[in-house]
Amino acid sequence: MNALSEFFGVYAFDAIWLTLKLALITSGLLLLVTLPLAWFLANWHSKAKPFVMSVLALPLVLPPTVLGFYLLIAFSPQSALGQGWHTLTGSNLAFSFEGLVLGSVLYSLPFALQPLYGGFSQLDARYLDVAKTLGFSATEAFVRIVLPLSKAPIIVALGLSFAHTIGEFGVVLMIGGNIPGETQVLSIALYEQVEALEYEKAHNLAIALLIFSFVLLAALYRFNGIASRFGSRSQIPRSAPNKGEG
């Protein structure tokens with residue numbers, strides 16, 4: 001343990017745990033939010049849809065410091081959100097782990113939304129037509145047909161949002177600061193090591209992050225390629241099971 005602390009830095013393990021915790025919570029919350037949102041958008045036909053999609057995709061092109069700045073204002077004790085949070089919890093939303101979670105959910109939203117939206121948009125509508133003939137409700141069809149057929153987009157959405165949260169810097173720095181054990185994630189710990197001229201430890205931490213990110217993305221691309229090959233061969237079965245069958 002001491003050798004690893006010497007290799008990565010004193011606060012590296014706290015930063016690793018905090019980063020993994022943030023990424024897991026963020027990706028889980030994003031999946032809960034984006035599954036119904038992506039399904040709604042995929043089946044929504046309105047002239048306002050391009051504008052809504054543009055707003056949801058803003059974090060893809062917006063500088064992280066811009067988003068972080070406005071989130072910092074929104075989380076401040078002077079804002080309605082900050083005051084409401086303080087009334088409910090007795091603590092400030094800015095420079096807290098809870099603030100990091102909320103900011104990460106907003107910043108990583110398009111990374112979870114886009115794969116799900118693409119997967120739902122490409123889903124063969126005939127599956128839903130068959131479900132209607134069997135008497136499935138809209139919720140039953142979504143849970144029993146849409147979700148099982150969308151395993152690949154779901155896993156890609158989880159993986160991308162998890163990986164993106166691991167690499168966050170500008171947003172988390174603006175709204176969380178650099179408090180070891182509370183808001184100091186890996187990217188900020190790396191930045192602090194560079195500022196302290198601890199280049200060897202910074203290099204070790206950067207290499208570990210680079211390898212982790214590469215392996216995760218390679219696994220996602222590999223899984224997505226395999227799933228796409230199997231998906232292209234899938235057809236609607238000639239006889240569908242009755243609604244009561246397992």
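This report walks through the fold, the core, the ring contacts and two unusual loop residues of a predicted model.

## The overall picture

Let's start with the fold. The chain has 12 helices and zero strands, so reading from the N terminus you meet one α element after another, as α-α-α-α-α-α-α-α-α-α-α-α. Of the 246 residues in the chain, 38% are buried.

How do the contacts spread along the sequence? Take the contacts between residues at least 6 apart in sequence: 74% of them join residues at least 24 apart.

## Helix H6, a good place to look

Helix H6 covers residues 97-121, which makes 25 residues. From its first C-alpha to its last it reaches 35 Å, close to the 36 Å expected at 1.5 Å a residue. Still, H6 has a kink of about 50 degrees at Ser108, and the proline Pro110 comes shortly after that.

H6 is also mostly covered, with 18 of its 25 residues buried. At Phe97, where H6 begins, there is a charge to spot: the charged end of Lys21 sits over the Phe97 ring, 4.6 Å from its centre.

## What fills the middle

In soluble globular proteins, nonpolar side chains tend to be buried together. Here, the largest nonpolar core has 42 residues, and the members touching the most others are Leu22, Leu116, Phe120 and Val185. Several helices give two or more residues to this core, among them H2, H3 (49-61), H4 (64-75), H7 (125-133) and H9 (151-166). Which element gives the most to this core? That's H6, with 11 residues.

Leu116 is worth a closer look. Setting aside neighbours within four places in sequence, Leu116 is in contact with Leu31, Thr34, Leu35, Ala38, Pro153, Ile154 and Ala157. There is also a second, separate core of 13 residues, including Ala23, Ala189, Ala202 and Leu205.

## Rings that meet

The structure holds seven aromatic pairs. One of them is Trp39 with Phe142, a tilted pair at 5.5 Å centre to centre, with 55 degrees between the planes. This pair links distant parts of the chain: Trp39 belongs to helix H2 (residues 12-42) and Phe142 to helix H8 (residues 138-149), 103 residues apart. Phe142 has a relative accessible area of 15%, so it counts as buried, that being under the 20% cut-off. Ring pairs also bring in Phe120, giving a cluster of Trp39, Phe120 and Phe142.

Phe69 and Tyr70 make another pair, this one edge-to-face, at 5.3 Å centre to centre and 65 degrees between the planes. Are these two rings' residues buried or exposed? Phe69 is partly exposed, at 41% relative accessibility, while Tyr70 is exposed, with a relative accessible area of 54%.

## Two loop residues with positive phi

Most residues other than glycine have a negative phi, and most peptide bonds are trans. Against that background, two residues are worth finding. Phe95 has a phi near 60 degrees, a positive value in a residue other than glycine. Phe95 lies in the loop between helix H5 (80-89) and H6, and is partly exposed, with a relative accessible area of 41%.

Leu197 also has a positive phi, near 65 degrees, and again is a residue other than glycine. You'll find Leu197 in the loop between helix H11 (186-195) and helix H12 (199-233). With 59% relative accessibility, Leu197 counts as exposed.

Notes: Residues numbered from 1 in each chain as written. Predicted model: local features only at pLDDT ≥ 70, side-chain atom pairs only at ≥ 80, totals over all residues. Heavy atoms only, no water. Phe/Tyr/Trp six-rings, centres within 6.5 Å; stacked < 30°, edge-to-face > 60°. Helix = DSSP H or I, 4+ residues; strand = E, 2+ residues; numbered from the N terminus. Buried < 20%, exposed > 50% of the residue type's maximum accessible area, 1.4 Å probe, protein only. Lys NZ or Arg CZ within 6 Å of the ring centre and 35° of its normal. Expected span 1.5 Å × (residues − 1). Bend = angle between axes of the 7 residues up to and from the residue. Core = buried A, V, L, I, M, F, W, Y, C linked by side-chain atoms within 4.5 Å. Contact = heavy atoms within 4.5 Å.
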